[in-house]
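Student: Could you walk me through one part of this structure slowly, and show me how that part connects to what lies around it? I'd like to see one strand properly before I try the whole thing.

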Amino acid sequence: MTVYSAKEDRYENMKYRRCGKSGLQLSEISLGFWHNFGSADSEDNCRQIMRTAFDAGVTHFDLANNYGPPPGAAEETFGRILKKDFLPYRDELIISSKAGYGMWEGPYGDWGSRKYLISSCDQSLKRMGMDYVDIFYHHRPDPLTPLEETMTALDHIVRSGRALYAGISNYSAEQTEEAVKILKELGTPCLIHQASYSMLNRWTEDGLLSVLGETGVGCICFSPLAQGLLTNRYLDGHVPEGSRAAKKVFLNPEQLTDELLKKLQKLNTLAVKNGRTLARLAIKWILRDERNTSVLLGASSPEQMKENLMSVQDEPLSNEEIQAVEDILKKQQ
Ligand code: NDP
C-alpha cells in the first residue's frame, strides 16, 4: 500500500462538538474498532477504513482491551496501522481504550478493581505501541467493587500520564451521577459517557441524558446503526453473506422480525424522500440532540464509511422529519 499522506482539506467538511463542558471537541462521527479489526480481518481493509475516516475529518478512534477477536487483536491491528500511517498525526487524534469485560484468566482480569484497570491499561498501551491514550474508560459497572475504588483507579490512570481523560460506559443514570461526583472530588472530571443509542434503543432518554446535560459530561453513542439494521443491509428481508447478522454472534437473523422490517422500510422511504439514506437518517437523528457529542459507528468497508460520512453534509432533520420518525417508530404494524 502507498505511503499515506492525509488529505489536506480534511478539516473543511467535518463538524466538531464540544464534549460536555470540557475543552475537548470530538468529530460528529467517530470510528469504533469492536468488529472488523480482528486477526482474521484484512489489514488492508482496516487501513483503508481508517484512512477514509481520517481524510474526512474523523479524529476519534475508539478501542477496548477485548476488541478482536481474539481479545486484544483490534488494539494490535490498530497499533500496526498507527505506526505505518498515523504517527505523524498522533496529536490530531483522540484514541480511547477501555477495561471492564473479561480479558484474562483469574480474579484480576475482569470487572472494576484497581488491579485490573491499571494492569489492563498498561497492556493496551503496549499492544497499541503508545505512551498514552486520550480517553480511558471503565467499560461497564461492577456490582461488587466499591465505585470509589474504580474511580480512584481512573484518576490514577490519568494522573500517571497513561490517559488524558477519564470516561465511563454502560452506567445507569444513578450510577453515572455517583461516578461523576466521585471523579469531580478526586479532581479528574468525567469527560464522557459511552452509551448505546439509536432509533431502536432509546434508553438514554429516560434519565441518563439529563444527568449528562446537567453535569456537563459528553455522550458518545455506540451502535448508532443498531449494528447494521438501520442501513440498507437488510432492507429486502435477506441476511447477506458476511454481514454481522450472518455471523450470528452479536446480531441474530431472528431479530429481523417482519414488524421490524416494515418499520425499517418505512424509515428508508422517509430517508429517500428527503434525499438521505437510512444510515444517514439514523446518524442525523442522533445528532438532533446537542447533548449527543458524537456518533460512534462501525464499518466493514471504506464504502460504508464513505456513505456514513455523507451525513455530515446533510441538512439537520426538520421538525417534520423528526415527527415522521416518531410516528413510524411508535406505530404497531
Ligand atoms: P453500528 O451500529 O454503526 O454498526 C456497524 C455495522 O453496521 C458495520 O459493521 C456494518 O455491518 C454495518 N454498517 C455500517 N455502515 C453501513 C452502511 N453504510 N451500509 C450498510 N451497512 C453498514 O455500530 P457498532 O455496533 O459496530 O458499534 C460501533 C462502535 O461502538 C464499536 O466499534 C465500539 O467502538 C463501540 N461499542 C461500544 C460498546 C460499549 O459497551 N461501550 C459496545 C458496542 C460497541 P456489516 O459487518 O454487516 O457490514
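Tutor: Let's begin with a term: two strands pair if DSSP finds at least two bridges between them. Keep in mind that this is a predicted model.

Our strand is S9, residues 218-222. How many of its five residues are buried? Five of the five, so the count rests on this cut-off: a residue is buried if 20 or more other C-beta atoms lie within 10 Å of its own. Now look at the directions. Gly218, Ile220 and Phe222 point one way from S9, while Cys219 and Cys221 point the other way. That fits a general habit: in a regular strand the side chains alternate between the two faces of the sheet. Here the residues pointing either way are buried.

Next, the neighbours. On strand S8, residues 190-196, the pairing with S9 is parallel and runs over five bridges. If you want a spot to find on screen, look for alanine 195, which stands opposite cysteine 221 in S9. To get from S8 to S9, the chain passes through helix H7, residues 208-215, and this β-α-β crossover is right-handed. S9 also pairs with strand S10, residues 292-297, again in the parallel sense, over four bridges. There, isoleucine 220 stands opposite serine 294 in S10.

Now zoom out. S9 belongs to a closed barrel of eight strands, which runs S3-S4-S5-S6-S7-S8-S9-S10 with parallel pairing. From one strand to the next, the twist averages 30 degrees. Elsewhere in the barrel, strand S5 (residues 94-99) and strand S6 (residues 133-138) run parallel and are joined by four bridges. In that pair, serine 96 stands opposite isoleucine 135 in S6.

Some of these residues turn up again in the largest nonpolar core, which has 89 residues. Cys221 is among those touching the most other members, and so are Phe78, Ile135, Phe136, Leu154, Ala166 and Ala282. Helix H10, residues 278-286, gives the most to this core, with seven residues. As a general rule, in soluble globular proteins nonpolar side chains tend to be buried together. For one member in detail, try alanine 166: leaving aside neighbours within four places in sequence, its contacts include Phe136, Leu154, Val158 and Leu183.

S9 leads us to the ligand too. Of the 31 residues that surround the ligand, Phe222 is one of the closest, along with Gly32, Trp34, Gly228 and Gly298. S10 and helix H11 (302-309) each supply at least two residues of that shell. The largest share, three residues, comes from H11.

To finish, compare two spots away from our strand. Alanine 64 lies in the loop between strand S4 (60-62) and helix H3 (73-86). Alanine 64 is buried because 26 other C-beta atoms lie within 10 Å. Not counting residues up to four places away in sequence, alanine 64 touches Ser97, Lys98 and His139. Glutamate 148, on the other hand, is in helix H5, residues 147-159. Glutamate 148 is partly exposed because it has 13 other C-beta atoms within 10 Å.

Methods
Residues are numbered from 1 along each chain as its sequence is written. This is a predicted model: local features need pLDDT of at least 70, side-chain atom pairs count only at pLDDT 80 or more; totals for chains, interfaces and linings use all residues. A nonpolar core is a set of buried Ala, Val, Leu, Ile, Met, Phe, Trp, Tyr and Cys residues joined through C-beta atoms within 7 Å. A residue is buried if 20 or more other C-beta atoms lie within 10 Å of its own, exposed if 12 or fewer, and partly exposed in between; C-beta atoms are placed from the backbone. Two residues are in contact if their C-beta atoms, placed from the backbone, lie within 7 Å. A crossover is right-handed if, with the strands pointing away from the viewer, the path from the first strand over the helix to the second runs clockwise. Axes are lines fitted to C-alpha atoms, for helices over the stretch in contact, and angles run from 0 to 180 degrees between N-to-C directions. A residue is near a molecule or strand if its C-beta atom, placed from the backbone, lies within 6 Å of it.
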